[in-house]
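These are my notebook entries on a structure that I went through part by part. I wrote down what I looked up and what I found each time.

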Amino acid sequence: MKEKVRIAAGQGFWGDLPDAPVRQVEGGPIDYLMLDYLAEVTMSIMQKQRSRDPAAGYAKDFVPLMKQILPACVERNIRVTANAGGVNVEGCAKAVRDVALELGLAGKLRIGIVTGDDIMAKLDELLSRGVELRNMDTDAALSTVRERIQSANVYLGAAPMVEALNRGAQIVITGRATDTGLTLAPLMHEFGWSPDDWNRMAAGTIAGHIIECGAQCTGGNCQYEWRSIPNLANVGFPIVEAAPDGTFVVTKHEGTGGWVIIPSIKEQLVYEMGDPHSYITPDCVADFTTVCLEYEGRDRVRVFGIEGRPATDTFKVSISYSAGYKAVGTLVYSWPEAHDKARAADRILRARLDRLGLKFDQILTEFVGANATHGPLAGEPSPDLPEVQLRVGVRSEDRAAVERFTKEIAPLVLTGPPGVTGFAGGRPKVEEIVAYWPALIPKEEISPIVDVIDV
Amino acid sequence: MKVQLLKLAHARSGDKGDTANIGLIALREEIYPILVREVTADRVKQHFKGICKGDVERFELPNLGALNFLLHESLGGGGTLSLMTDAQGKTFSTALLRMMVEISETEAQSLNLDQEV
């Protein structure tokens, strides 16, 4: 058994710095590269892409990335865990296989495929058997949105990824899997951790939580003494160096920018935190109040003391459904009296929308430069602001109403208060809203499937 | 005396649906008890009046010198439903740091804050 396993994070979200994974592979020694591609509504975007093109439906960027780094990964035996498969894991794996063949890696690569997360096809059967899939936030019944559902996927945990690694997969591609599982699975595989060793499950989970947002633990978005953070232009992405006992060090490659300090790790630990005693994943319940941090050198923070409890008997389900339409229009008002002019424009716009008899579920006006982020907490803005952006958003089930709204913004330039600009982008775009419906499902309803293919 | 939280803590915020979370972290270990005493769930609810329409929950993480707040019904529906610039609640962290809290002269002196306010 290895004494230390190094897991590098390469993407904090789909659309993160394209070079980051390459730098992780080339910048120094690592054993695993983990790549998190899926945000809450990504699956529905991929579902739409696949409905137009049966070969699509996964994180397209993953394939050219693999083309770039596969030779180095094979040569140095770096393994990859990625939830890049979206709603077409097989398609993604085939595309990676084709790339590997092109690179002359025939006979040198095994790809693991984890599926079984997609429950879209059996939703009605589940509902008819009384599996309610109520909204975890609102307690509403799924039947209220049944006709508008676009995707339904279970968050799978580390276990099926561990199986793929145990069967020799060098690249493990999943659909909807938890981001923490992408880090925990390699540790379970390498150290032979038992799935009911709750403290270690929690340690691997918290390691995953710390690095799953990429550079957000190495100086990115770091409030603590932000002016002092070195060389963010070349920010190093995080690496976890884990030991068999479940302790680990968070670090980054030598010579990269950013920093790994206790305050930057603390900021990431509390990010998107609910009840810190019970951070629930498919693999365990991790207790963030047990986390201990200490320095182990420059850009090295040691994490230890982590405790966990048994996993729950449910998986979380991520369901997406169509929830109407929205559009946001903006205009910029300049000095003098910029804020007053923007406010006047808002009143005029609303009077015109009223006169048109348009019904919206919500109209929201913000004045960027005065109150868009802190609202009333920002206090009364200076009367002498150099400029203010008027930003008006509307939401409605009625597409036509939203469409009509988008035609009322630019005319304000010739029919409203003076000193206005910033309309060059044309009419605002009408967006279909794909909303997120979190639910729980008993674990026994779900059977993850693990396959491997040899290149 | 009054001191702004910005001088005592740093913070990071995020979202879960229509709930914003704010992790408030003491800049130094000895400041944590002041945060526990002053930054109660009630005070946070009051601070975010007009923004947070639901309950505020508070959790303590003494191991990190941090408090975690959940501000329910704060993000205009949350996720893709929200029309807000900050639909993910990313700037709730600094909005909380605007809060003024009461510390004693002794505390101010021991934290070297008496010169700054």
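**Entry 1: the cores.** I began with the largest nonpolar core, which has 158 residues, and I noted that the residues with the most contacts inside it are A:Val96, A:Ile173, A:Val250, B:Leu24 and B:Leu35. Domain 1 (5–117 + 155–311) and domain 2 (322–434) of chain A both contribute residues to this core, so it lies between them. Apart from it I found another core, of 13 residues, which includes A:Tyr333, A:Leu349, A:Ala370 and A:Val388. I copied a general remark beside this: in soluble globular proteins, nonpolar side chains tend to be buried together.

I then followed one of the residues from chain B. Setting aside the neighbours within four places in sequence, I listed B:Leu8, B:Ala9, B:Leu24, B:Ala26 and B:Leu67 as the contacts of B:Leu35.

**Entry 2: what kind of model this is.** I must keep in mind that this is a predicted model. The predictor gives the complex an ipTM of 0.97 and a pTM of 0.96. For chain B, I noted a mean pLDDT of 95, with 97% of the residues of that chain at 70 or more.

**Entry 3: the domains of chain A.** I returned to the division of chain A into domain 1 (5–117 + 155–311) and domain 2 (322–434). How far apart do the C-alpha centres of domain 1 and domain 2 of chain A lie? I wrote down 40 Å for the two C-alpha centres.

**Entry 4: where the chains touch.** Next I looked up the contacts between the chains, and found that 41 residues of chain A are in contact with 31 residues of chain B. On the chain A side, the elements that give two or more residues are α9 (262–269), β14 (314–334), β15 (362–368), β16 (387–396) and β18 (431–442). I also recorded the make-up of this side of chain A, which divides into 22 nonpolar, nine polar and ten charged residues.

From that list of elements I chose α9(A), which is mostly covered, with six of its eight residues buried. The buried residues in α9(A) are A:Ser264, A:Ile265, A:Lys266, A:Glu267, A:Gln268 and A:Leu269.

**Entry 5: strand β16(A) and its partners.** Is β16(A) largely enclosed or largely open? Eight of the ten residues of β16(A) are buried, so this strand is largely enclosed by the rest of the structure. I then looked for its pairings, and found that β14(A) and β16(A) run antiparallel and are joined by ten bridges. In that part of the sheet, A:Ser334 has A:Glu387 of β16(A) as its bridge partner. β15(A) also pairs with β16(A) in the antiparallel sense, over seven bridges, and here A:Phe367 stands opposite A:Leu390 of β16(A).

**Entry 6: a three-strand sheet.** I turned to an open sheet of three strands in chain A, which come in the order β9-β10-β13 with antiparallel pairing. The edge strands are β9 (279–280) and β13 (307–309), each of which pairs on one side only. Two bridges join β9(A) to β10 (residues 285–287) of chain A, and A:Ile280 stands opposite A:Val285 in β10(A).

**Entry 7: a covered helix.** How many of the residues of helix α7 (residues 179–191) of chain A are buried? I counted 13 of its 13 residues as buried. Just after α7(A), A:Gly192 takes a positive phi of about 65°.

**Entry 8: backbone angles.** Before this step I reminded myself that most residues other than glycine have a negative phi, and most peptide bonds are trans. I then noted A:Asn221, whose phi is near 50°, a positive value in a residue other than glycine. A:Asn221 lies in the loop between α8 (198–211) and β7 (239–242) of chain A, and is partly exposed, with 17 other C-beta atoms within 10 Å. A:Glu225 is also found in the loop between α8 and β7 of chain A, and its phi is near 45°, again positive in a residue other than glycine. A:Glu225 is partly exposed as well, with 13 other C-beta atoms within 10 Å.

My last search was for a cis peptide bond, and I found one that joins A:Trp335 and A:Pro336, with omega at about 0°. A:Pro336 sits in the loop between β14 and α10 (338–355) of chain A.

Note on methods: Residues numbered from 1 in each chain as written. Chains lettered and ligands numbered in written order. Predicted model: local features only at pLDDT ≥ 70, side-chain atom pairs only at ≥ 80, totals over all residues. Contact = placed C-beta atoms within 7 Å. Helix = DSSP H or I, 4+ residues; strand = E, 2+ residues; numbered from the N terminus. Nonpolar A, V, L, I, M, F, W, Y, C, P; charged D, E, K, R; others polar. Buried ≥ 20, exposed ≤ 12 C-beta atoms within 10 Å, placed from the backbone. Pairing = 2+ DSSP bridges. pLDDT = per-residue confidence, 0-100. Domains from an automatic or database assignment. Core = buried A, V, L, I, M, F, W, Y, C linked by C-beta atoms within 7 Å.
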